[in-house]
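Got the viewer open and a selection box ready? Let's take a walk through this one, stop by stop.

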Amino acid sequence: MYHAQELTVSTRGRGFHDITPEVQQAVAASGARQGLCTVFLHHTSASLILCENADPDVRKDLEAFFARLVKDGDPMFQHDAEGPDDMPAHVRTVLTQNSLSIPIQDGAAKLGTWQGLYVWEHRTAPHRRRVTVSVLG
């Protein structure tokens, strides 16, 4: 069986947005007891991550690391059509991922004890991000 559900994530600008409950709801709605869940983000300036969900300092540290690694307004970048965070957002996305696969067991996405699913917005302005959750079971 196959089930797909589209989510819209309204971001507040750069940062992390927990989508774990919405993904779990989509898996439950599919009726699959066993299978595979794929989460796909339809954008090139945000990404998906599977990350520690207990201590928010982990996400703060990730943001600090990427801010050092890929600086907004770096004169190396030519592509700045939408501002100084434009190309850095694309680089951040390429260095991370836009699709995740998670096993389904007993009717739920089988995440580890301290794992959560996040949309990581790389732009500084708010955006509406489209995510497709696909379930094969």
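Before the clicking starts, one cut-off: a salt bridge here is a side-chain nitrogen of Lys or Arg within 4 Å of a carboxyl oxygen of Asp or Glu. Keep in mind too that this is a predicted model.

With that cut-off in hand, select R123 and D86: their closest N and O atoms are 3.9 Å apart, so the pair counts as a salt bridge. R123 sits in the loop between β7 and β8, while D86 belongs to helix α3, 37 residues apart. Add E82 and D85 to the selection, and you have one network, joined with D86 and R123 by salt bridges that share partners. Are the two ends of the first pair buried or exposed? R123 is buried at 5% relative accessibility, and D86 is buried at 2%.

Stay on helix α3 and show residues 86–95. Its buried residues are D86, P88, A89, R92 and T93. Look down the axis of α3: these residues fall within an arc of 165°, so they line one face of the helix. Now bring up β4 (46–52), α2 (56–69) and β7 (115–121), which the buried residues of α3 pack against.

Next, pick R92 and E63. They form a salt bridge with the closest N and O atoms 2.8 Å apart, linking helix α3 to helix α2 across 29 residues of sequence. R92 has a relative accessible area of 0%, and E63, at 16%, is buried as well.

For a contrast, jump to R14 and D72, another salt bridge, at 2.9 Å between the closest N and O atoms. R14 lies in the loop between β1 and β2, and D72 in the loop between α2 and α3. Here both ends are partly exposed: R14 at 26% and D72 at 34%. The whole model has eight salt bridges.

Now switch to the sheet. Colour five strands in the order β1-β8-β3-β5-β6, and you get an open, antiparallel sheet. β1 (2–10) and β6 (108–109) are the edges, each with a single partner strand, so one side of each has no neighbour in the sheet. Zoom in on β5 and β6, joined by two bridges; Q105 has A108 as its bridge partner in β6. Then show helix α1 (20–30), which lies across these five strands and runs at about 155° to β1.

Last stop: T132, in strand β8. What does its side chain make a polar contact with? The side chain of H42, at 2.7 Å. T132 is buried at 17%, and among the residues it touches are Q5, E6 and F40.

Definitions and conventions:
Residues numbered from 1 in each chain as written. Predicted model: local features only at pLDDT ≥ 70, side-chain atom pairs only at ≥ 80, totals over all residues. Heavy atoms only, no water. Pairing = 2+ DSSP bridges. Helix = DSSP H or I, 4+ residues; strand = E, 2+ residues; numbered from the N terminus. Contact = heavy atoms within 4.5 Å. Axes fitted to C-alpha atoms, helices over the stretch in contact; angles between N-to-C directions. Buried < 20%, exposed > 50% of the residue type's maximum accessible area, 1.4 Å probe, protein only. Arc of directions from axis to C-beta. Polar contact = N/O pair within 3.5 Å; in protein donor to acceptor, adjacent residues only side chain to side chain. Lists of a residue's contacts leave out its neighbours within four places in sequence.
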